[in-house]
Amino acid sequence: MIDTHLQCLQPLTRLSAATVVDMGCGAGSMVRRLAALGARAIGVEPDPNRLAQARRQRVVKRERYVEAPLDRLPLENASADLTLFLFSLRPLDAEHQLRALAEAQRVLKPGGRLHVVEALAEGPYFQVLRLIEDQAESRQSTLRTLAAIPAQGLRPVMSVRYQHLEFYADYDEFRLRMIATQPARLRAFETRDSIIRTAFEAQGEVVSGGVKLAQPVRMFHFAKPEVLQ
């Protein structure tokens, strides 16, 4: 849930009146929450279909959306106070991850912050997802990339593990949402639907209003030096 990520982010940096770039914003949920908190929120998304979803939502305040690759941002140098990757770095290959991180650093003001949240290759949600799309190696590779960021000149401020929760009304909603974000996943459901359903029922925890799946994540928070070397 977005609230969990914001609870970890807010003590680390100012959001009100800050210029925040959400890298790979998807349908814009975080962008709208940041705008509601007073940030000048910019959502960058390379997928035009996902961006169209974001633009169809009600405008909260000062958010705006840009269609662009994450490794070629149409933003000026030193124009942002915070750049954010929320589960959006892992889908890139290793080369494009490094380029996207370099772009995120380029647009940061001196003293600006880079905040990255990525899922770990463990937990109930992962155990179900791996039957649809096995992300084990790409998740581990992304963590190795993030561990090397200090060599690029950013100062580590904090790294912490916490629990992210995904909620679904039922298995049918889970299936729909999985396919909506990645249409190629339809093939997995067509061939292994009963196996995926069984895993969902075994791994999910029934709660009021539906089912929750826990996903451990790790957050990395970095600062750009106030004075560039």
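Here are some short exercises on this structure, each with a worked solution; the model is a predicted one.

## Exercise 1: The whole protein

Task: Find how many helices and strands the protein has, and decide whether its radius of gyration agrees with that of a compact globule.

Solution:

Step 1. Begin by counting elements: the protein contains 8 helices and 8 strands.

Step 2. Next comes the radius of gyration. For 229 residues, a compact globule would have a value near 17 Å, and the protein has 18 Å, so the two agree.

Step 3. For another view of the dimensions, look along the principal axes: the C-alpha atoms fill a box of roughly 55 × 40 × 30 Å.

Step 4. Now turn to inside and outside. Of the 229 residues, 47% are buried. The protein exposes about 11,100 Å², and 51% of this area comes from carbon and sulfur atoms.

Step 5. Finally, consider how the chain meets itself. Take the contacts between residues at least 6 apart in sequence: 71% of them join residues at least 24 apart.

## Exercise 2: An aromatic cluster

Task: Work out how the rings of Y168 and Y171 are each arranged against F200.

Solution:

Step 1. A ring pair is described by two things, the distance of the centres and the angle of the planes.

Step 2. Take Y168 and F200. Their centres are 6.2 Å apart and their planes are at 70 degrees. Planes over 60 degrees apart count as edge-to-face, and that is the arrangement of this pair.

Step 3. Locate the two partners. Y168 belongs to strand β6 (residues 155-168) and F200 to helix α8 (residues 186-203), so their pair ties together parts that are 32 residues apart in sequence.

Step 4. Check the surroundings. Y168 has a relative accessibility of 3%, which means it counts as buried. F200 also counts as buried, at 3%.

Step 5. Repeat this for Y171 and F200. With centres 5.6 Å apart and planes at 65 degrees, this pair is edge-to-face too. Y171 sits in helix α7 (residues 171-181) and F200 in helix α8, so the pair ties together parts that are 29 residues apart in sequence. Both of these residues are buried.

Step 6. Put the pairs into context. The structure holds 8 aromatic pairs, and one aromatic cluster is formed by Y168, Y171, F174, F189 and F200.

## Exercise 3: Helix α6

Task: Compare the reach of helix α6 with the expected one, then find what its buried residues pack against.

Solution:

Step 1. Helix α6 covers residues 136-147, which is 12 residues.

Step 2. From first C-alpha to last, α6 reaches 17 Å, close to the 16 Å expected at 1.5 Å a residue.

Step 3. List the buried residues of α6: A136, R139, T142, T145 and L146. A general point helps when you look at such a list: an α-helix has 3.6 residues a turn, so residues three or four places apart point the same way.

Step 4. Look at the partners. The buried residues of α6 pack against α4 (94-106), β5 (108-119), α5 (124-129) and β8 (210-223).

## Exercise 4: Two residues of strand β6

Task: Is S159 buried, partly exposed or exposed, and which residues does S159 touch beyond four places in sequence?

Solution:

Step 1. S159 is part of strand β6. Its relative accessibility is 39%, so S159 counts as partly exposed.

Step 2. Leaving out residues up to four places away in sequence, S159 touches R218, M219 and F220.

Step 3. Add the polar details. The side chains of S159 and R218 are joined by a polar contact of 3.1 Å. The S159 side chain also reaches the backbone oxygen of M219, at 3.4 Å.

Step 4. Now visit H164, also in strand β6. H164 has 6% relative accessibility and therefore counts as buried. Its side chain makes a polar contact of 3.0 Å with the side chain of E166.

## Exercise 5: Two loop residues

Task: Describe the settings of R14 and D71.

Solution:

Step 1. R14 is in the loop between α1 (2-9) and β1 (19-23). The R14 side chain reaches the backbone oxygen of S16 at 2.7 Å.

Step 2. Compare sequence with space: R14 and D81 lie 67 residues apart in sequence, while their C-alpha atoms are 8.6 Å apart.

Step 3. D71 is in the loop between β3 (64-67) and β4 (80-86). With a relative accessible area of 13%, D71 is buried.

Step 4. Beyond its neighbours within four places in sequence, D71 is in contact with H96, R99, A100 and E103.

Conventions. Residues numbered from 1 in each chain as written. Predicted model: local features only at pLDDT ≥ 70, side-chain atom pairs only at ≥ 80, totals over all residues. Heavy atoms only, no water. Phe/Tyr/Trp six-rings, centres within 6.5 Å; stacked < 30°, edge-to-face > 60°. Helix = DSSP H or I, 4+ residues; strand = E, 2+ residues; numbered from the N terminus. Buried < 20%, exposed > 50% of the residue type's maximum accessible area, 1.4 Å probe, protein only. Expected span 1.5 Å × (residues − 1). Contact = heavy atoms within 4.5 Å. Polar contact = N/O pair within 3.5 Å; in protein donor to acceptor, adjacent residues only side chain to side chain. Rg over C-alpha atoms; globule rule 2.2 N^0.38 Å. Areas by Shrake-Rupley, 256 points an atom, 1.4 Å probe, with all protein chains shown as cover.
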